[in-house]
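Hi,

Here is the structure I promised to pass on. Please open it alongside this note.

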Amino acid sequence: MNNDVIYTNKIFMNAALPLMKTIAHDVPTLHMLFRGVNAVYQVSVKTENKQKEAVHFIVENGEWEVYLGAYTGSKQIDCELAFSSMEKMNAFMKGDMAKLPRIKIKNVVNFVKFMAVLLKMSSLLNLTEPPEDEKTALLLCKLYFYLLSTGISNLNKAGHEQVHEWALASPDRCYQWAVEGHPECTAYMRVKEGKTKAGRGEYTRSKPFFCMKFDCAESALKILLQIGDMFEMTANKQLIMEGGPEFGVQIGDFMMTVGGYAK
């Protein structure tokens with residue numbers, strides 16, 4: 001199987017789909033929709049050797065938790081999206097509605113609620129311009145920061161040549177993405193001698209080795225959506241690179257790599 005198929009699937013399975021938890025919590029209408037709900041959801045895919053890989057969500061009284069791997073508990077899975085191949089899942093996640101999964105539904109009401117979150121995620125991540133509403137813009141920044149930090153880490157773990165070589169050569173360092181004045185809209189990735197770990201929120205153990213910071217959500221999205229001029233925005237202090245600019249270029253390249261697999 002083409003390595004790019006595997007890397008793309010890792011991005012969707014381990015980095016993109018877990019964003020559903022954030023969306024279900026941070027979008028007020030969806031948060032209300034899940035009030036009092038108890039459910040188990042799963043998205044799975046058959047690998048080339050017919051093994052099953054999955055991510056599942058356990059919702060208890062409206063609160064979501066995300067787990068990598070297939071659900072093995074005793075509760076009923078309310079709905080599962082089961083893809084027969086990585087290629088079909090990748091195509092579906094990129095918007096090809098002809099590559100529908102097998103949908104296993106045990107609870108129709110909970111299935112509809114799950115799909116509402118999935119469709120909201122799709123609509124947000126497919127925006128091509130920063131939303132005018134600041135709350136929505138901050139949420140979108142948060143989603144991208146989570147996607148990028150987790151995505152880069154997963155590419156390293158999957159053996160992506162450029163990312164893994166960089167990680168192997170790195171001492172213990174922390175890279176962070178942030179919007180000034182909004183600590184809730186922050187993510188980081190720690191790297192040390194080939195190992196990487198993504199985290200949400202501010203890194204508190206020490207000052208990050210490098211931080212890509214933006215003056216506001218709109219500025220962040222101009223870079224994330226690749227519609228802003230990085231040099232001009234840096235000169236205008238809309239983009240602040242705290243740390244050596246050469247490290248910013250390197251992280252920027254990996255951000256584009258993740259974005260390339262996810263689009």
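Below is what I found, going element by element.

One caution before the details: this is a predicted model.

Start with strand S4, residues 79–83. Five of its five residues are buried, so the strand is largely enclosed by the rest of the structure. Both faces are covered. Cys79, Leu81 and Phe83 sit on one side, with Glu80 and Ala82 on the other. Side chains in a regular strand alternate between the two faces of the sheet.

S4 has strand partners. Strand S1 (residues 39–46) runs parallel to S4, joined by five bridges. There, Tyr41 pairs with Cys79. Strand S5 (residues 102–105) runs antiparallel to S4, with four bridges. Glu80 has Lys104 as its bridge partner in S5.

Next, helix H5, residues 108–125. Its 18 residues should span 26 Å at 1.5 Å a residue, and the end C-alpha atoms are 26 Å apart, which agrees. Asn107 caps the N-terminal end: a side-chain oxygen lies 3.2 Å from the backbone nitrogen of Val109. Buried residues of H5 include Phe111, Phe114, Leu118 and Met121.

Now the five-stranded sheet. It is open and mixed, in the order S8-S7-S6-S9-S10. S8 (195–200) and S10 (239–242) are the edges; each has a single partner strand, so one side of each lacks a neighbour in the sheet. The twist averages 10° from one strand to the next. Within this sheet, S6 (residues 173–179) and S9 (residues 210–214) pair in parallel over five bridges. Gln176 is matched with Cys211 in S9.

Two helices lie across these strands. H7 (residues 161–168) crosses S6, S7 and S8, at about 80° to S7. H10 (residues 245–262) crosses S6, S9 and S10, at about 75° to S6.

Best wishes

Definitions and conventions
Residues are numbered from 1 along each chain as its sequence is written. This is a predicted model: local features need pLDDT of at least 70, side-chain atom pairs count only at pLDDT 80 or more; totals for chains, interfaces and linings use all residues. Side-chain values use heavy atoms; hydrogens and water are left out. The expected span of a helix is 1.5 Å times one less than its number of residues. Buried means under 20% relative accessible area, exposed over 50%, partly exposed in between (1.4 Å probe, protein chains only). A polar contact is a pair of N or O atoms within 3.5 Å; within protein, one must be able to donate a hydrogen and the other to accept it, and residues adjacent in sequence count only if both atoms are side-chain atoms. Two strands pair if DSSP finds at least two bridges between them. Axes are lines fitted to C-alpha atoms, for helices over the stretch in contact, and angles run from 0 to 180 degrees between N-to-C directions. Contact means heavy atoms within 4.5 Å.
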